[in-house]
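Here is a short set of exercises to work through with the structure open beside you. Try each task before you read its solution.

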Amino acid sequence: MEITIGHLYPDLLNLYGDRGNIMALVRRLEWRGIGAKIREYRLHDDIDFAALDIVFLGGGSDREQMLVCARLREIRSAFADYVESDGAVIAICGGYQLLGEYYRMGDAVIEGLRILDVRTENEPGRLIGNVVIRSPLSSMPIVGFENHGGRTYIGEHTPLGRVITGGGNNGKDGHEGVQYKNVLGTYLHGPLLPKNPELCDWILRAALLRKGYTSELAPLDDTMEITANRAVAERFAGKMAKRP
Amino acid sequence: MIQAQRRLLAVWICKMLIIAGKLLGKRGSATPGKFALRIAPDILRHLAAQVRQGIIAVCGTNGKTTTNNFIYTLLRAGGYTLVCNRVGANMLYGAVTAFADAAGYGGRLNADFACIEVDELSAVKVFAHFTPNIIVITNLFRDQLDRYGEIDITIESLKRAAAQAGKATLLLNADDPMLAAFGREVRAQGHANIKYFGLRDAPLGQSEPYPQGTSPCSQRGVQPPCCTSIETREGRFCRLCGAELKYDAYYYSQLGRYACPRCGFTRPEPDYTAENITLDGGIAFDLDGTHIAADYRGLYNIYNMLAACAVLWEYDIRAVDINKAFAGYRPQIGRMETFTIGGKQVILNLSKNPAGFNQAIAALRTDTRSKTVVIVINDNDQDGRDVSWLWDVDFERLDNIPDIITSGLRAADMRVRMKYAGNMARILPEIKEAIRAALLCDSDVVYTLVNYTALFYTHDLLEKLSKRRTRFIWK
């Protein structure tokens with residue numbers, strides 16, 4: 001069994017230690033004896049979604065996001081087919097915004113992939129800081145760091161989790177991120193996956209199941225990861241983090 | 001008249017606050033300048049106008065404090081009187097403090113030169129008060145993200161600062177493609193006087209990224225970016241056309257001899273070139289036939305020394321005994337600073353960002369003794385609260401070090417990072433405990449790599465310990 005991870009546009013979308021997310025996906029497969037392969041795509045490369053099991057879309061600056069969004073329109077239908085056939089996607093920060101309908105900054109509108117019924121508006125001030133959320137996808141809190149000017153409204157979609165501390169999608173409705181089929185969108189980096197091993201495994205499981213691998217994921221020794229997760233959760237969310 | 005009295009008052013208040021700060025053991029020096037500027041808003045303009053020969057501003061992500069202090073040291077050795085913000089308070093108020101401190105009680109300034117380290121994002125504000133004659137920019141790396149936003153913002157800010165100081169000579173690092181592109185953009189904006197410094201034939205032994213196929217990940221069949229350096233990706237791509245740059249010599253981060261295969265953008269030919277570089281023992285190079293050597297570590301210090309010499313050459317000051325001046329230079333705290341504790345050497349180094357850490361790791365690898373490494377990571381405001389940059393440092397290159405101890409507020413994050421780098425580090429969040437454990441390790445030398453807010457505490461601790469006879473007495 002081998003899982004192929006498609007890393008989209010790492011030359012443009014690469015803020016916030018994204019390499020850590022890729023490393024977590026790869027190692028947590030390898031530690032279990034499952035093969036992992038990374039394919040990097042540059043802006044004008046053709047992407048064969050049928051060959052991919054996980055698609056990773058990171059964050060970039062506004063200028064870089066503009067470049068990417070023009071290209072994404074051309075691959076929209078292939079990307080949408082991949083999502084509808086339960087393909088796993090992790091989209092972080094700028095990548096998350098691009099999955100939606102648009103990102104509006106004053107008069108300028110960056111058109112998104114319209115895979116999700118999600119809209120992002122630029123509002124004054126940035127949401128910057130440590131975030132702790134509760135999510136049904138992880139028994140421990142999910143921790144990370146956010147830094148975004150856009151406020152994302154997810155409409156009828158399911159959020160990734162409920163904010164315990166931090167801003168989340170828009171600083172107003174208590175939602176963080178989005179989960180749709182096997183797609184995760186979130187503002188959390190830090191990076192996200194090394195310190196949230198259960199969330200990482202959720203994605204891996206989704207990708208493996210789709211490939212017909214039905215056995216349980218072998219447990220790993222996550223002592224260090226859990227310590228790091230707990231240190232952040234307890235420091236920034238205190239007792240609230242412990243409540244289920 | 002009233003204005004003159006206000007300025008005099010501002011100088012006095014500033015001086016008093018500096019003395020008070022020193023008595024309280026404070027090291028920062030922004031507050032006195034803040035008060036001085038409030039009392040007399042034109043104080044900086046007024047004092048700076050009295051500098052006789054020239055004002056040098058030093059900007060850049062890494063190495064600006066050291067470069068600025070090198071310039072200070074060389075000019076002092078030439079017998080000049082100077083204004084300098086030596087401790088690195090590098091925003092507007094810090095500059096005001098430095099000038100007021102150097103002024104006499106009569107409010108007059110007696111100085112041939114001013115060398116002022118200026119934070120990149122403060123340059124526009126600072127240059128509103130005085131126009132430097134030379135602006136040195138050491139390099140542009142990604143800094144802490146939540147403080148600086150994106151590197152684009154830094155570049156835009158520096159461009160505006162350069163436009164403000166239209167007649168200044170820009171002295172830029174030719175080996176940094178970000179700066180070479182910056183130089184082009186600034187030239188297009190009408191800036192005439194741009195000069196470059198750079199290296200020729202740097203020994204690549206310890207500084208190159210993993211040679212093709214030898215990284216821990218590629219040996220397991222994983223393609224980059226798994227553990228090859230991507231921390232300065234912005235820099236490794238052509239700013240003009242976006243293509244990946246090709247390097248025929250690569251030093252660290254995005255520094256090297258590069259060219260764009262698509263649009264032809266290429267490294268500018270330096271006006272000041274360091275040749276015949278050696279890194280064994282101390283560091284040494286030749287500039288214009290002058291042999292320059294010093295007992296420092298790290299290729300990055302060659303850039304710092306080269307830039308300082310270039311400033312001297314720009315003013316056509318040739319009579320300084322450069323090597324003697326460098327030999328007498330005391331490094332600022334935490335710049336590969338060495339302590340001896342109970343017969344064991346402990347080296348303290350401050351690294352604030354991925355490029356700084358990669359430089360420190362490259363320098364550490366040139367040390368052949370057996371090593372213990374303590375890594376202290378805090379996430380206070382001055383450190384940058386976002387620690388995701390830890391994943392952009394090549395900690396994989398700390399291989400073959402049996403004992404690594406992580407410490408600080410983010411010790412647990414750092415330990416996870418080391419796990420992914422293939423090293424099961426120990427965790428001791430209390431800095432004191434971590435240092436103690438390191439001293440007890442069976443190694444010849446302890447490297448302590450810290451980020452900003454851990455520096456002074458760790459420094460004071462090591463200094464205290466170094467004054468004791470044995471390393472086993474604690475408390």
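What covers the buried residues of α15(B)? Keep in mind that you are looking at a predicted model.

**Exercise 1. Describe the surroundings of α15(B).**

Solution.

Step 1. Begin with the cover itself: it includes α1 (18-30), α5 (192-195) and α7 (223-237) of chain A, together with β14, β15 and β16 of chain B.

Step 2. Next, check the helix residue by residue. A411(B), A412(B), D413(B), M414(B), R415(B), V416(B), R417(B), M418(B), K419(B) and Y420(B) are buried. Buried here stands for under 20% relative accessible area.

Step 3. Draw the conclusion: ten of the ten residues of α15(B) are buried, so the helix is largely enclosed by the rest of the structure.

Step 4. Finish at the end of the helix. α15(B) is followed by G422(B), which has a positive phi near 90°.

**Exercise 2. Work out the sheet on which α15(B) packs.**

Solution.

Step 1. Recall the general principle: strands of a sheet pair through backbone hydrogen bonds, either parallel or antiparallel.

Step 2. Trace the strand order in chain B. The open sheet has six strands, running β12-β13-β17-β14-β15-β16, and its pairing is mixed.

Step 3. Find the edges. These are β12 (337-341) and β16 (426-427) of chain B, each of which pairs on one side only.

Step 4. Add the helix. α15 (residues 411-420) of chain B touches β14, β15 and β16 of chain B as it packs on the sheet, and its direction makes about 145° with that of β15(B).

Step 5. Zoom in on one pair. Five bridges join β14 (residues 371-376) and β15 (residues 403-407) of chain B in the parallel sense. Within β15(B), S407(B) is the bridge partner of V376(B).

**Exercise 3. Which parts of the structure do three of the salt bridges tie together?**

Solution.

Step 1. Set the scene: there are 39 salt bridges over all chains.

Step 2. Take K181(A) and D86(A), whose closest N and O atoms are 4.0 Å apart. K181(A) lies in the loop between β11 (178-180) and β12 (183-186) of chain A, and D86(A) in the loop between α3 (76-84) and β4 (88-92) of chain A, so the pair ties together parts that are 95 residues apart in sequence. K181(A) is partly exposed at 33% relative accessibility, and D86(A) is partly exposed at 36%.

Step 3. Move to R104(A) and E121(A), a salt bridge with its closest N and O atoms 3.1 Å apart. Because R104(A) sits in strand β5 (residues 102-105) of chain A and E121(A) in strand β7 (residues 119-135) of chain A, this pair ties together parts 17 residues apart in sequence. R104(A) counts as partly exposed, with 33% relative accessibility.

Step 4. Now go to chain B, where the side chains of D399(B) and R365(B) meet in a salt bridge at 3.2 Å, N to O. D399(B) is in the loop between β14 and β15 of chain B and R365(B) in helix α14 (residues 354-365) of chain B, so parts 34 residues apart in sequence are tied together. D399(B) is partly exposed at 38%, as is R365(B) at 29%.

Step 5. Look for a network too. One links K195(A), R235(A), D379(B), R410(B) and D413(B) through salt bridges; of these, D413(B) is also among the buried residues of α15(B).

**Exercise 4. Is L72(A) buried or exposed, and which residues does it touch?**

Solution.

Step 1. Place the residue: L72(A) belongs to helix α2 (residues 62-74) of chain A.

Step 2. Read its accessibility. At 2%, L72(A) counts as buried.

Step 3. List the contacts. Leaving out residues up to four places away in sequence, L72(A) touches Y9(A), L98(A) and L113(A).

Step 4. Take L98(A) from that list: its C-alpha atom is 8.5 Å from that of L72(A), while the two residues are 26 apart along the chain.

**Exercise 5. Which residues make the nonpolar surface patch of about 490 Å²?**

Solution.

Step 1. Name the members: W12(B), I19(B), L23(B) and Y105(B).

Step 2. Follow one of them. Y105(B) is in the loop between α5 (92-102) and β3 (113-117) of chain B, and is exposed, with a relative accessible area of 54%.

Step 3. Put the patch in context. Chain B exposes about 18500 Å², and carbon and sulfur atoms supply 51% of that area. Of the 475 residues of chain B, 61% count as buried.

Definitions and conventions
Residues are numbered from 1 along each chain as its sequence is written. Chains are lettered from A and ligands numbered from 1 in the order in which they are written. This is a predicted model: local features need pLDDT of at least 70, side-chain atom pairs count only at pLDDT 80 or more; totals for chains, interfaces and linings use all residues. Side-chain values use heavy atoms; hydrogens and water are left out. Two strands pair if DSSP finds at least two bridges between them. Helices (H or I, at least four residues) and strands (E, at least two) are DSSP runs, numbered from the N terminus. Contact means heavy atoms within 4.5 Å. Axes are lines fitted to C-alpha atoms, for helices over the stretch in contact, and angles run from 0 to 180 degrees between N-to-C directions. Patches are made of residues with over 30% relative accessible area and no salt bridge: like charges are joined within 9 Å, nonpolar side chains (Val, Leu, Ile, Met, Phe, Trp, Tyr) within 5 Å. Accessible areas come from the Shrake-Rupley method with a 1.4 Å probe; for residues, only the protein chains shown count as cover. Buried means under 20% relative accessible area, exposed over 50%, partly exposed in between (1.4 Å probe, protein chains only).
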